[in-house]
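Q: Please take a close look at one part for me: the largest nonpolar core and what packs around it.

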Amino acid sequence: MKSARENLSRYMEIEEILNRFFELFDFCLKECVLPELARNNNQPFAACCKDKYYKVYDLEHPSFGLLREKREALYGTPEEIKESSLISPCEYHTSTGCVLTTCKSPICLAFMCRKSIDALRQNHGIYTYDYLGFNYALEWILTGDMSLPDYEEFRTSCLAMVQTLEEESKS
Ligand code: SF4
Ligand code: SF4
């Protein structure tokens with residue numbers, strides 16, 4: 001059986017790949033946050049961060065505890081975040097979005113709203129992103145319930161999405 005540390009290390013590996021994917025996709029800031037700030041006179045807004053999602057769906061499991069410890073060591077506890085927007089119930093939400101560049105909870109890392117998924121399909125031909133499916137996959141990686149072959153397959157499919165976006169960005 002894998003240790004919580006090994007599970008967390010796999011989770012962080014997938015988070016790094018997904019962060020690259022979201023960076024290349026570049027949708028939320030450009031197509032949602034900045035246009036909304038322009039419309040509402042730069043007043044911060046919560047977008048999809050309408051709850052303390054860094055914990056509401058977290059499971060009672062040692063690996064989730066380790067993820068939280070690592071997050072708080074890097075970014076501070078929710079109460080310590082001074083730049084909170086005060087618009088979202090989530091303390092990690094600032095006027096320019098989430099302060100957590102790593103160590104997000106599975107639901108926060110996986111979430112894509114309908115319009116962003118539609119854009120991924122229509123503009124990039126990527127149909128493999130199913131946010132609930134990704135959420136559960138991330139949970140299973142963190143708890144160690146995903147087998148090594150399934151993990152490798154999931155990692156390969158994440159890398160394939162990144163590759164698609166990288167190739168597009170070069171053409
Ligand atoms: S996931 Fe959707 S609602 Fe949330 S910031 Fe991105 S575009 Fe906006
Ligand atoms: S932790 Fe970040 S992504 Fe999750 S709800 Fe808070 S601001 Fe949003």
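A: The largest nonpolar core (buried Ala, Val, Leu, Ile, Met, Phe, Trp, Tyr and Cys residues joined through C-beta atoms within 7 Å) has 27 residues. Buried means 20 or more other C-beta atoms within 10 Å of a residue's own, with C-beta atoms placed from the backbone. Y11, Y53, L67, A137, L138, I141 and L142 touch the most other members. The model is predicted, so local features need pLDDT of at least 70 and side-chain atom pairs pLDDT 80 or more, while totals for chains, interfaces and linings use all residues. Residues are numbered from 1 along each chain as its sequence is written, with chains lettered from A and ligands numbered from 1 in the order written.

Next, the helices (DSSP runs of H or I, at least four residues, numbered from the N terminus). At least two core residues come from each of α1 (4-25), α3 (53-56), α4 (62-75), α5 (106-110), α7 (131-143) and α8 (148-170).

Now take α7. This helix has 13 residues. From its first C-alpha to its last, α7 reaches 18 Å, close to the expected 18 Å (1.5 Å times one less than the number of residues). Its buried residues are F134, A137, L138, E139, I141 and L142. A, L, I and F are joined here by one glutamate, E139. In an α-helix there are 3.6 residues a turn, so residues three or four places apart point the same way. The buried residues of α7 pack against α1, α4, α5 and α8. Just after α7, G144 takes a positive phi of about 85 degrees.

The pairing with α1 deserves detail. The axes of α1 and α7 come within 7 Å. They cross at roughly 145 degrees (lines fitted to C-alpha atoms over the stretch in contact; angles run from 0 to 180 degrees between N-to-C directions). On the α1 side, the contact (C-beta atoms within 7 Å) is made by N7, L8, R10, Y11 and I14. On the α7 side, L138, I141, L142 and T143 take part. By class, this contact has six nonpolar, two polar and one charged residues. Here Ala, Val, Leu, Ile, Met, Phe, Trp, Tyr, Cys and Pro count as nonpolar, Asp, Glu, Lys and Arg as charged, and the others as polar.

Finally, zoom in on I141. Leaving aside neighbours within four places in sequence, I141 is in contact with N7, R10, Y11 and I14. Its other such contacts are M146 and Y151.

Note on methods:
Buried ≥ 20, exposed ≤ 12 C-beta atoms within 10 Å, placed from the backbone. Contact = placed C-beta atoms within 7 Å.
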